[in-house]
Structure formats: C-alpha cells, structure tokens
Amino acid sequence: MGLFLAGCATVDTGSTGGPTTAGEPVSIAPSGPRLPSYRLPGNIPLSDIGVASTSVPPVASLAAPADLWERIRRGFAMTDLDTDLVRDQERWYATRPDYIQRMTERSSRYLFHIVEEIERRNMPMELALLPFIESAFNPQAVSSARAAGMWQFMPATGQSFDLKQNAFRDDRRDVLASTRAALDYLQQLHRRFGDWHLALAAYNWGQGNVNRAITNNQRQGLPTGYLDINMPLETRTYVPKLQAVKNIMARPQAYNATLPLIGNHPFFDTVTLERDIDVAVIARLAEVSEADFRALNPSLKQPVVMAAGTPNILLPWDNAVIFQNKLMTHNGPLASWTAWVVPSTMTVAQAAERVGMSESELREVNNIPPRMSLRAGSSLLVPRTSQRNSDVPLHVADNAQLNLQPDMVLRRSVVKARKGDTLARLAQRYGVSAVSVAGWNKLAVNAALKPGQQVTLMLPQRVSVAASSTAPTAKKAASASNTRKVAKSASQPTKAKAAAVATKKPTTKSASSSNAKTRVASTAKAEKRP
C-alpha cells in the first residue's frame, strides 16, 4: 500500500515578492551568501567581442643530458667564488691537461653513482667534483695524515660514520660506503654552518676549528663568511680549487681541456654474495682482470671476499651478468682462504706450523712485520683445509685485528765501565736508550762513570721456542727464564705508507656499468637484467 502526501509547498526565492505556491515556477536559491546582481540598462548596446593576442611562455626541454658532464653542469647550485686564488688554481690545472685527462678518465667508473646520490639528496652538484680535489678520484690514495680513499676519511672520522677498518678491509676506500658517509658528513656540516663554503672548509679543516674561527670573528664584530675567517693556507685554497675545477668542467674549451666522454648511465652493478669467494675466482667468472675488479672494490685487502663482512661487490654492468650466469654452472671450490683466530700468544713460526704454511708466506699474506709475535685474538688469513673449511663468520669479518708484540725479551746484564765512559756513551755502545740506562741504575743521564764501575743493562734477547706440532702457550714461554721481562718500551714497527700517486692511470676493459640493481650471487637461476 502506498502513502501519498500532497500539500502546498513554499520556497523562498529570495525575492521581495514572497513565497510561491506549488505548480508555479520555482527558483531555488543557492545556499550560502549571495553575490549582488547587476543589470545593464536596456538602451546600451553590447560591444563586439574582440580577439586579444597573447604570448605563450616557452616549453622547458625535457631531453635527457647527452652525457654525464652535461648532467653535472645542470646541477651546479653553489655561489661562485671569483678571487685571485681561484684564478691561480685555474692556471695550475690549465697548464696540466694530461693530469686533467688522467683523473677524469679515472672518475668514469665512479662518477655516475656519485651524481645519482647527490641528486637523490638534492645537494649541489659541485660536490660530485670534490674527489678531484681530495684524491684525483684515486680510491687507494693515502695522505701523510693517514686519510684514505676517494673522499679522504681520517680513521676516527671514518669510524664515526660506520666505515669499518680492520685487518681484512677498509671501508674508507669502498665506493658505495665512503660516498654515503661523505655525503652524510657534508649534509651534517651544512646543517651546522648554513653555508656550503663553510661546510667544505669544515670538511677539510674540521668543524671544531671552523667553529672557533667563526666565534673569534663574532667577538671582534667581523664578518663570518668563508672569505672572512682566519684559516690555514690549505683550507684557504680548498674551495678555490673546487671552484677552478667547476669552471673547467663547465667550459673545458676555454681552458684547453679535453673531457673524456662519460655516458649518462651506470658503470657498475651491485652483486650480492652468499658465500666466501676468492678474488681470482670472481675475476675469472666475470671475465675481468683482478686489477679492474679491485679498482671497483678497493676496500678489499685480502685475496678472498668474505660474504659476511662484504656481502656486496661491484662489477661492470655487462660483466655482472656474465658472472651470474657462470656462477650457476661453477662446480669447483669458491674459496681457498679462510680466517683463523690465534688462540694464544705465539711466534709467527709457531702459527705458520699450526696452519700449514711457511713463516715467510704467513708474514706476506697477513702483512706481519719482522721481529713481531702474534697476540691471542689476532685474525689471520690462512688456507682452507678439510678441518678448516667454513666461511668466515660475521664477528670475525667485521672486527678482525692483527695484534702484535715484539718477539724479544729483556735480559738483565751487568757490565763494567771503561776509562772515560759516560752513561750516554755506554748506552750507545750497547744500543740501548741512555734514559733507560739512567733509570735502571738511578743515575743522571749525563753522569760520568768510574773505570770498572758496574752498570746494569736490560739487553734484548730474541725469544727461542722449539717448533712443535702443539705450539707452546704463553705460560710455557714465560717459564723459560724467571729473569726475563717483555720489553715495554718497544713499539710495533709500522710499515711506511707512501701516498698513492694521483696521476697513475688505472686500466679498465669494460665500458658499461651500474649501481642501482642488486643481484644475488647463488647457484639458483639468475634473474635477467631488465
């Protein structure tokens, strides 16, 4: 049953005439405030409709940059410097076109990845040129102050940005890790100082030094810009160097420079490893030379890649596909090396016998200097055997240290002074420190000695331990003589590190590349590169 309602409906039209009844035309007023209406007088004719001319703004070109240099130029965003120091640096580079050629060719392996990261973070593209200033794009470069890698990280600064430095690898040289850390650091400095030039000065000189220089100027009512604060000469010329390189890259023909063609595409691809693999095996399967492999993976110190500590390796783009395909059909052993943790303090000869190597080979592989013994807990690279055939665990791969101590002890000896001897002359005769001799005998360093006077000396003596299949423990070695003491004043000799020559030209046989894709290296079916 339907229910019909009929009645008289009224609608307020908003006019002065009041409501209307049903059946009459109804106009529904819009909700909200009403706009005033205007009516032209009927005796005024409408004007003709005219056609106006308009200017259309040009359409921005969306064409991709022809090469990586053009892409870099489009991203320049820092304020230019125009000083005499900049012109001095421009002249220096302009008179060395061969140097520019070598370092720009070297950069072709790494520059695309750096540009991608800088664009992703929306940072000035001038920062992509910073490794030209720091290391000439040589990831093996080491400064006299022990800064290392393309971005020249000091050991402590590298540790603060999670760059591992141990006996097996140095992430300050790693292409991906060091770039990530450098850009993190630069962003941190820019947030602190609010100016890219000051951030770069802090990157070179240290943020504490830059902050103190700014504070000194503020106290004197002086400006606090990069050109205003008092800095060492190296930092004073740091940004001008970058500005000079920027100017040359922007207009190479004006400086008689030739830039190598670097395509606007990835050079390398990232491959993930699931097992430890020898560097030689990787190079053979990927069909690249070991030198080219190490140029892309410069953080590796050893002849084996430990998957737990270095799960990702870089290979030229096309060679990554080759490696993946060949790995699926590879049936032989992948790694011939593993890590062995020294269980107790022992000589290198004892350790070599324990792991089945010659002493000279163990020293060479693990970079052990002469006249040094191994402390308990040291991690050594050793050949795999049937009893020692497992991959290196994460805690060893990430924290491997080579802890050494002098393999000499001091033996107490008493000698008699000769006529005319002084304490210093006697110490020189026996090859010990005059200060130490003075302390042993409670005498002044310049004390004169009487003929026949007895002087106590602590002379070094080489540890002599018979080799055996079961290496003696530190307790057995100590019980050989109750009068022997380990030399506390002896220090671990360090191997001299020459700064890597920035002009050395690396070689490469691969022309294509990538950084974005990650492949899992396994014996399973490989994914095809899109």
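User: Which helix holds Ser107?
Analyst: Ser107 lies in helix 3. Helices are DSSP runs of H or I with at least four residues, strands are runs of E with at least two, and both are numbered from the N terminus. The model is predicted, so local features need pLDDT of at least 70 and side-chain atom pairs count only at pLDDT 80 or more, while totals for chains, interfaces and linings use all residues. Residues are numbered from 1 along each chain as its sequence is written, and side-chain values use heavy atoms, with hydrogens and water left out.

User: Is Ser107 buried or exposed?
Analyst: Ser107 has a relative accessible area of 0%, so it is buried. Buried means under 20% relative accessible area, exposed over 50%, and partly exposed in between, with a 1.4 Å probe and protein chains only.

User: What does Ser107 touch?
Analyst: Leaving aside residues up to four places away in sequence, Ser107 touches Trp69, Phe132, Phe137 and Ile262. A contact means heavy atoms within 4.5 Å.

User: Now helix 2. Which of its residues are buried?
Analyst: Val86, Gln89, Glu90 and Tyr93 are buried in helix 2. On the other side of this helix, Asp84 and Arg91 are exposed.

User: And what covers the buried residues of helix 2?
Analyst: The cover includes helix 3 (97–107), helix 5 and helix 11. Helix 3 is also the place of Ser107.

User: Does helix 2 help to line a pocket, and what is the volume of the second largest pocket?
Analyst: The second largest pocket has a volume of about 820 Å³. Of the 30 residues that line this pocket, Ile133, Glu134, Gln152, Asn204 and Glu234 are the closest to its centre. Helix 2 (84–94), helix 5 (130–134), helix 8 (196–205) and helix 11 (238–250) each supply at least two residues of the lining. On a 1 Å grid over the protein atoms alone, a cavity is a set of points where a 1.4 Å probe fits but cannot get out, and a pocket is an open set with protein on both sides within 12 Å along at least five of seven lines; lining residues have an atom within 4 Å of a point.

User: How many cavities of 30 Å³ or more are there?
Analyst: A search of the whole structure finds two. The largest cavity has a volume of about 70 Å³, and its lining includes Phe168, Arg169, Met306 and Ala397. The second largest cavity has a volume of about 60 Å³.

User: What lines the second largest cavity?
Analyst: Met78, Thr79, Glu126, His197, Val239, Leu242, Gln243 and Lys246 line the second largest cavity. The largest share of this lining, four residues, comes from helix 11.

User: Changing topic, how many residues of strand 4 are buried?
Analyst: Four of the five residues of strand 4 (residues 312–316) are buried, so this strand is largely enclosed by the rest of the structure. Strand 1 (residues 268–273) and strand 4 run antiparallel and are joined by five bridges. Val271 stands opposite Ile313 in strand 4. Two strands pair if DSSP finds at least two bridges between them.

User: And the chain as a whole: how many helices and strands?
Analyst: The protein chain has 20 helices and 12 strands. Of its 530 residues, 44% count as buried. Among contacts between residues at least 6 apart in sequence, 71% join residues at least 24 apart.

Methods:
Points joined across faces, edges and corners; volume = space filled by probe spheres on them.
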